[in-house]
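Colleague: I should like to learn how the features of a model such as this one are read. May we begin with the interface and then turn to the ligand and the backbone?

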Amino acid sequence: MSQDASNAAGRGSRLARADGSLGARGLLSVMIERGIEFGLLLAALASVAVTLGIVFVLVRESAPFFAHVSLGEFLFGTEWTPLFSDPKYGIGPLLSGTFVTTTIALCVAMPAGTIVAIWLSEYAPHRIREMVKPVLELISAVPTVVFGYFALTVVTPMLQSVLARINVDLPTFNMLGPGIVMGIMIVPYVSSLSEDAMRAVPMLLREGSYALGAGRLTTALRVVFPAALSGIGAAYTLAMSRAVGETMIVAIAAGQKPTLTANPLESAATVTAYIVQVAGGDVPHGSIGYQSIFAAGLALFVVTLGFNLVGAALRRRFRQAY
Amino acid sequence: MVIGSPALMHAQPRDASADHRHGPDAPDAAMPAQASIKAQVKDFSFYYGQFQAVKNVSMTIREHKVTALIGPSGCGKTTLLRCFNRMHDLYPNTRYAGEIRLLPDGFNIVDRRVNPIEMRMRISMVFQKPNPFPKSIFENVAYGLRLRGVSSRSELAGRVEHALRGAALWEEVKDRLKKPGFDLSGGQQQRLCIARALAVDPEMILFDEPTSALDPIATAKIEELVHELKGRVTILIVTHNMQQAARVSDETAFMYLGELIEMDRTSKIFQNPSKQLTEQYITGHFG
Ligand SMILES: Nc1ncnc2c1ncn2[C@@H]1O[C@H](COP(=O)(O)OP(=O)(O)OP(=O)(O)O)[C@@H](O)[C@H]1O
Ligand SMILES: [Mg+2]
């Protein structure tokens with residue numbers, strides 16, 4: 001620390017000597033720089049502290065729950081009915097709801113977002129790009145309640161009429177509709193970050209590809225995309241976290257009935273939908289039913305953390321420098 | 001550019017004398033005066049927006065020879081070179097005027113009606129900085145082949161090996177063809193890019209200061225490669241280093257402020273240039 005400071009001071013005075021005057025200004029700029037560094041450190045520490053605080057609250061609040069419910073039942077039980085007179089505490093049904101809706105959302109958002117990103121970065125003329133990007137970002141500014149009702153009143157009926165033709169019956173509350181709408185909502189997250197990553201790929205790499213006789217699409221898919229893979233991976237990871245954490249859309253349009261199923265045509269509840277349902281209901285604080293939302297939150301946290309770690313590891317594995 | 005020019009000034013007197021010691025005049029003198037023509041540049045100009053970077057250049061590129069483009073920084077060497085495969089098409093507000101005819105077909109490369117992809121299939125380019133793709137060594141070399149529809153494994157393997165041998169890289173990489181091209185050293189990366197350019201059997205290869213980022217040993221290897229290639233491929237090479245121009249080229253074109261001042265046999269340019277400007281440049285008494 002002190003060595004740092006003296007280095008910085010030395011740099012400052014050398015600067016001052018180089019322009020032949022103003023030693024005081026050199027000192028001032030060093031002080032400002034130290035101040036900024038300290039501010040940045042505080043900001044970084046604050047985000048770590050908040051995360052730790054969340055973990056702490058989750059663990060503390062779910063402790064009474066786990067004193068009452070065995071870990072085995074929590075992990076392997078197939079029913080989640082904490083508010084019934086005969087309560088069951090298997091987290092599986094909630095997690096399956098989260099998994100299914102997240103998977104549907106990613107199936108929509110990853111391809112669509114990537115295609116939009118490729119178009120924006122490799123095809124769109126500058127002026128059009130600058131017009132399209134804010135419009136796309138507007139999508140993620142729409143309140144999720146609106147998306148929830150969009151799923152319930154527009155997308156699900158459309159899916160119902162399509163599926164009816166092949167004699168498939170889609171209930172009003174299902175996971176498919178909200179999953180798709182969630183995917184649409186996430187597209188800008190994927191496209192915006194992926195586009196940044198692709199535009200950061202040096203022109204020299206594209207020139208190398210064109211010079212060998214490649215066209216735009218080949219260059220985009222076989223050179224730019226792989227070169228930007230680490231950034232695109234980050235975009236996918238963010239999209240997934242966003243989908244896992246999404247609450248309102250599924251709470252509104254997927255029904256609130258925890259069901260252990262992988263079938264997107266069934267209604268189900270996700271972890272977050274359950275949490276908001278209980279938190280907004282009249283379950284007495286301190287009851288096991290109330291504490292169960294912290295246990296569910298903790299489970300979600302662990303799962304998301306796991307996915308993020310896997311994503312980070314994959315990105316490190318495929319990292320390409322250019 | 002600022003850093004480059006003092007070094008350039010420094011190098012020039014040595015360049016000129018080096019040329020006198022072992023210039024390429026001996027083999028030149030033995031060659032027939034006329035080789036067939038690969039490209040004919042006529043009244044050619046190029047514009048970045050309003051700025052005319054290449055001014056009314058006419059020149060003849062001989063087939064299976066090495067033609068060097070020299071001249072002070074900013075004179076338009078790179079710009080002219082990049083017209084030969086229309087790299088400028090990738091950027092807005094660029095304009096070509098005049099002709100660069102590729103022979104024997106005789107079509108005008110810079111004519112908008114000419115499909116740049118078809119034309120680039122016949123003309124390869126090696127850039128100033130090595131730019132391997134984010135792929136394995138093998139896939140880097142196979143890239144151009146795949147674009148040309150080669151998909152049989154054995155054919156790919158054979159042609160990749162041949163190209164890597166041609167670029168004097170095979171022995172160094174044959175055990176790690178699956179490793180990323182980025183893992184190679186700078187000089188190896190540049191030879192990888194040469195292999196990539198060679199693999200597609202081009203009629204012409206454009207080199208833009210291919211050794212400016214390399215150490216003397218890597219530079220010597222690449223110069224040797226250029227030497228081996230001529231006789232089979234037409235080579236156009238931009239260089240700042242006049243020793244290099246003298247060592248590797250048969251013909252030299254001297255450019256200044258976007259104009260072609262003089263073009264002749266390399267030995268003639270370096271020993272007995274006809275224009276005063278050329279003489280001043282190659283002897284380092286410039287400006
Ligand atoms: N993209 C561009 N837009 C506008 N002007 C440009 C652009 N690229 C180059 N120029 C200008 O065109 C002229 C020729 O540049 P060019 O890069 O061809 O020079 P060069 O002879 O290759 O120089 P060097 O030896 O430094 O590489 C210069 O005046 C340069 O400023
Ligand atoms: Mg140049």
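Modeller: Let us begin with the contacts between the two chains. This is a predicted model, and in it 21 residues of chain A are in contact with 28 residues of chain B.

Colleague: What is the area buried between chain A and chain B, and what share of it do carbon and sulfur atoms give?

Modeller: The size of an interface is often given as the accessible area lost when the parts come together. Here the area buried between chain A and chain B is about 2,000 Å², and carbon and sulfur atoms give 67% of it. Of the area that chain A buries against chain B, 33% is supplied by Glu207(A), Leu212(A) and Arg222(A), more than by any other three residues.

Colleague: How many salt bridges and how many residue pairs in polar contact are there between chain A and chain B?

Modeller: For salt bridges, the count between the two chains is one. The partners are Arg82(B) and Glu207(A), whose closest N and O atoms are 2.8 Å apart. Glu207(A) is also one of the three residues named above for their share of the buried area. The count of residue pairs in polar contact between chain A and chain B is six, both residues of each pair being at pLDDT 80 or more.

Colleague: Which elements give two or more residues to the side of chain A that touches chain B?

Modeller: They are α8 (203–211) and α9 (216–227) of chain A. The most comes from α8(A), which gives eight residues. By class, this side of chain A has 12 nonpolar, seven polar and two charged residues.

Colleague: Let us turn to the ligand. Which residues are around ligand 1?

Modeller: The residues around ligand 1 belong to chain B; among them are Tyr48(B), Phe51(B), Lys77(B), Glu209(B) and His240(B). The shell divides into four nonpolar, six polar and two charged residues. Two elements of chain B, β2 (51–62) and α3 (77–81), each supply at least two residues of this shell. The largest share, three residues, comes from α3(B).

Colleague: Which atoms of the protein lie within polar-contact distance of ligand 1, and how much of the ligand does the protein bury?

Modeller: An N or O atom in the side chain of Tyr48(B) is 3.3 Å from a nitrogen atom of ligand 1. For Gly76(B), a backbone N or O atom lies 3.0 Å from an oxygen atom of the ligand. The side chain of His240(B) has an N or O atom 3.1 Å from an oxygen atom of ligand 1. Taken alone, ligand 1 exposes 630 Å², and the protein buries 61% of that.

Colleague: Where in the backbone should I look for a cis peptide bond and for a positive phi in a residue other than glycine?

Modeller: The peptide bond from Leu103(B) to Pro104(B) is cis, with omega near 10°. Pro104(B) is placed in the loop between β4 (94–102) and β5 (107–108) of chain B. In chain A, Asn167(A) has a positive phi, near 60°, and is found in the loop between α6 (144–165) and α7 (176–199).

Colleague: How many salt bridges are there over all chains, and which residue forms one with Glu122(A)?

Modeller: The count over all chains comes to 28. Glu122(A) forms a salt bridge with Arg206(A), the closest N and O atoms being 2.9 Å apart. This pair links distant parts of the chain: Glu122(A) is in helix α4 (residues 92–123), whereas Arg206(A), 84 residues apart from it, is in helix α8 of chain A.

Note on methods
Residues are numbered from 1 along each chain as its sequence is written. Chains are lettered from A and ligands numbered from 1 in the order in which they are written. This is a predicted model: local features need pLDDT of at least 70, side-chain atom pairs count only at pLDDT 80 or more; totals for chains, interfaces and linings use all residues. Side-chain values use heavy atoms; hydrogens and water are left out. Contact means heavy atoms within 4.5 Å. Buried area is the accessible area (1.4 Å probe) that two parts lose on being put together, summed over both. A salt bridge is a side-chain nitrogen of Lys or Arg within 4 Å of a carboxyl oxygen of Asp or Glu. A polar contact is a pair of N or O atoms within 3.5 Å; within protein, one must be able to donate a hydrogen and the other to accept it, and residues adjacent in sequence count only if both atoms are side-chain atoms. Helices (H or I, at least four residues) and strands (E, at least two) are DSSP runs, numbered from the N terminus. Ala, Val, Leu, Ile, Met, Phe, Trp, Tyr, Cys and Pro count as nonpolar, Asp, Glu, Lys and Arg as charged, and the others, Gly among them, as polar. A residue is near a molecule or strand if one of its heavy atoms lies within 4 Å of it. Accessible areas come from the Shrake-Rupley method with a 1.4 Å probe; for residues, only the protein chains shown count as cover.
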